[in-house]
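Open your viewer, switch on side-chain sticks and get ready to click along. Each stop gives you something to select and a short account of what is there.

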Amino acid sequence: MGACKLVRFLSIVVMFSIQPHPAAFGSRKLTSDDAAVVMNPPPLGICASAVTKYGYKCHEIDVTTEDGYILSVQRIPEGRGGGGGGRNKQPVLLQHGVLVDGMTWLLNSPDQSLALILADHGYDVWIANTRGTSFSRRHVSLNPDMPEFWNWTWDEIAARDLPAVIAYIFQQTNQKIHYVGHSLGTLIALASFSERKQIDKVRSAALLSPVAYLSHMTTPLGVVAAKAFVGELTIVFGLAEFYPKGKEVSRFLKGLCADPKVDCYDLMTAITGKNCCLNASTVDAFLRNEPQSTSTKNMVHLAQTVRDGVLMKYDYGTRGFNVEHYGVPRPPIYNISNIPNDFPLFLSYGGQDALSDPKDVATLLDDLKLHDEGKLSVQYIKDFAHADFIMGVTAKDVIYDKVISFFKRNQ
Ligand SMILES: *[C@@H]1O[C@H](CO)[C@@H](O)[C@H](O)[C@H]1NC(C)=O
Ligand SMILES: *[C@@H]1O[C@H](CO)[C@@H](O)[C@H](O)[C@H]1NC(C)=O
Ligand SMILES: *[C@@H]1O[C@H](CO)[C@@H](O)[C@H](O)[C@H]1NC(C)=O
């Protein structure tokens, strides 16, 4: 079995966990003080800390999932000064990736951040925050100190979080939704759509740095992480919450960095790829806010996705347990080819992306080869890596303008 693949997976673990340049990495170690910061989320919500200060309206909303998680959602109903779009604004939902939250859409200046650009173009913008992230650590009966709170993977993000948020928006606006996902935010959409769920309420979907297959992730960390193995995730960390800034995970990262073959002075590059266009102060803002918690079970599920090269539900590890959960010995697959051929899709991927590797995107595109020609737009950006898609200073010109034309073609 691919020890190598496994290890590549472990790189996801450290993604976003390390400072991008030597000075910062040297001067600001991950400490348990960081834990305190995130365990008590900033007193201001996302609206107050990143949206209203620029003159936009913004509403904080709670949406409860069928399994009791209370998710924080932000709504930016219009552009600055109410501008753009007329009365019948179409809703757009922005869905972030793993180990981050909705704040990632709001770190650059208003003219460079997708959420605010969309608002200024007349869209009614909604930002999701998945279970476990700073503002979505709530549940009707559980709390984050209980292991049961962390008993889920991206299966549940696709099957519970996404439908709850989409149903809420649909009910409030009475309109079909345009969707934008980044990274894991693309995986959960593809998984849902492949089961023909949500598509009746979604108008179109723009998938940035699409992740469905993870077999070809590249990263210099691979060699060293080969010494690790997937079981270690559960054994070493043992906890149900996967908290990247916590002591256990930090110790693990420091262990990897002690190896001379791993260049921890530029791990952002080693992990996400050679981002062409990040603003250093945006990266600092990013690292103040992220990485955020997810469940250990979710990390294990992602490891399975890397290992198996197939998109399947969480594997309980034995035939018996799988039968118990799914009625069959192997977890059911998500068949991307089942996405209706006339469903409007826009995919944008980067040549330098170490997580959403072009080879894996090619596999995804092969699954979509029967898609109606006019309904699938694909953009390849040679210089972009994983983080450029959400934080790149040139992303507006290179991608977001294209996303907006795509939405306009699919009004
Ligand atoms: C976790 O969830 C599964 C169903 O997905 C359930 O069978 C199991 O009992 C749960 N475990 C805990 C500790 O809550
Ligand atoms: C980088 O961010 C800083 C602080 O927000 C801003 O003043 C500067 O103009 C940005 N640089 C670019 C190239 O966008
Ligand atoms: C996936 O779906 C396509 C189209 O519906 C079908 O032709 C194919 O056999 C399916 N693949 C698997 C592995 O079930």
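Begin with ligand 3 and N338: an oxygen atom of the ligand sits 2.7 Å from an N or O atom in the N338 side chain. That is a polar contact, meaning a pair of N or O atoms within 3.5 Å; within protein, one must be able to donate a hydrogen and the other to accept it, and residues adjacent in sequence count only if both atoms are side-chain atoms.

Before you go further, a word on the model: it is predicted, so local features need pLDDT of at least 70 and side-chain atom pairs count only at pLDDT 80 or more, while totals for chains, interfaces and linings use all residues. Residues are numbered from 1 along each chain as its sequence is written, chains are lettered from A and ligands numbered from 1 in the order in which they are written, and side-chain values use heavy atoms, with hydrogens and water left out.

**Stop 1: the rest of ligand 3**

Now add N335, where an N or O atom of the side chain is 2.3 Å from an oxygen atom of ligand 3. Select I333 and S337 as well, and you have the full set around ligand 3: I333, N335, S337 and N338. A residue counts as near a molecule or strand here if one of its heavy atoms lies within 4 Å of it. On its own ligand 3 exposes 360 Å², of which the protein buries 32% (accessible areas come from the Shrake-Rupley method with a 1.4 Å probe; for residues, only the protein chains shown count as cover).

What classes of residue make up the shell around ligand 3? One is nonpolar, three are polar and none is charged. In this scheme Ala, Val, Leu, Ile, Met, Phe, Trp, Tyr, Cys and Pro count as nonpolar, Asp, Glu, Lys and Arg as charged, and the others, Gly among them, as polar.

**Stop 2: ligand 2**

Select Q112, N279, S281 and V393, which surround ligand 2. The N279 side chain has an N or O atom 2.2 Å from an oxygen atom of ligand 2. For S281 the corresponding distance is 3.0 Å, and a polar side-chain atom of Q112 also lies 3.0 Å from a ligand oxygen. Of the 370 Å² that ligand 2 exposes when taken alone, the protein buries 34%.

**Stop 3: ligand 1**

Next, pick E148, N151, Y316 and H325, the residues around ligand 1. Try two distances: 2.3 Å from an oxygen atom of ligand 1 to an N or O atom in the N151 side chain, and 3.4 Å from a ligand oxygen to a polar side-chain atom of Y316. The protein covers 40% of the 360 Å² of accessible area that ligand 1 has on its own. Its shell holds one nonpolar, two polar and one charged residues.

**Stop 4: helix α6 and its partners**

Switch to cartoon and select helix α6 (residues 154-173) with helix α13 (residues 296-308); they pack at an angle of about 110 degrees, with axes 8 Å apart. α6 and α13 are therefore roughly perpendicular (65 to 115 degrees). To see the contact (heavy atoms within 4.5 Å), show W154, D155 and I157 of α6 with N298, H301, L302 and T305 of α13.

Finally, swap in helix α7 (residues 184-194), which packs against α6 at about 70 degrees with the axes 9 Å apart. Here W154, I157, A158 and L162 of α6 meet L184, L187, I188, A189, A191 and S192 of α7. That contact has nine nonpolar, one polar and no charged residues.

Note on methods: Axes are lines fitted to C-alpha atoms, for helices over the stretch in contact, and angles run from 0 to 180 degrees between N-to-C directions. Helices (H or I, at least four residues) and strands (E, at least two) are DSSP runs, numbered from the N terminus. Angles under 35 degrees count as roughly parallel, over 145 as roughly antiparallel, 65 to 115 as roughly perpendicular and the rest as oblique.
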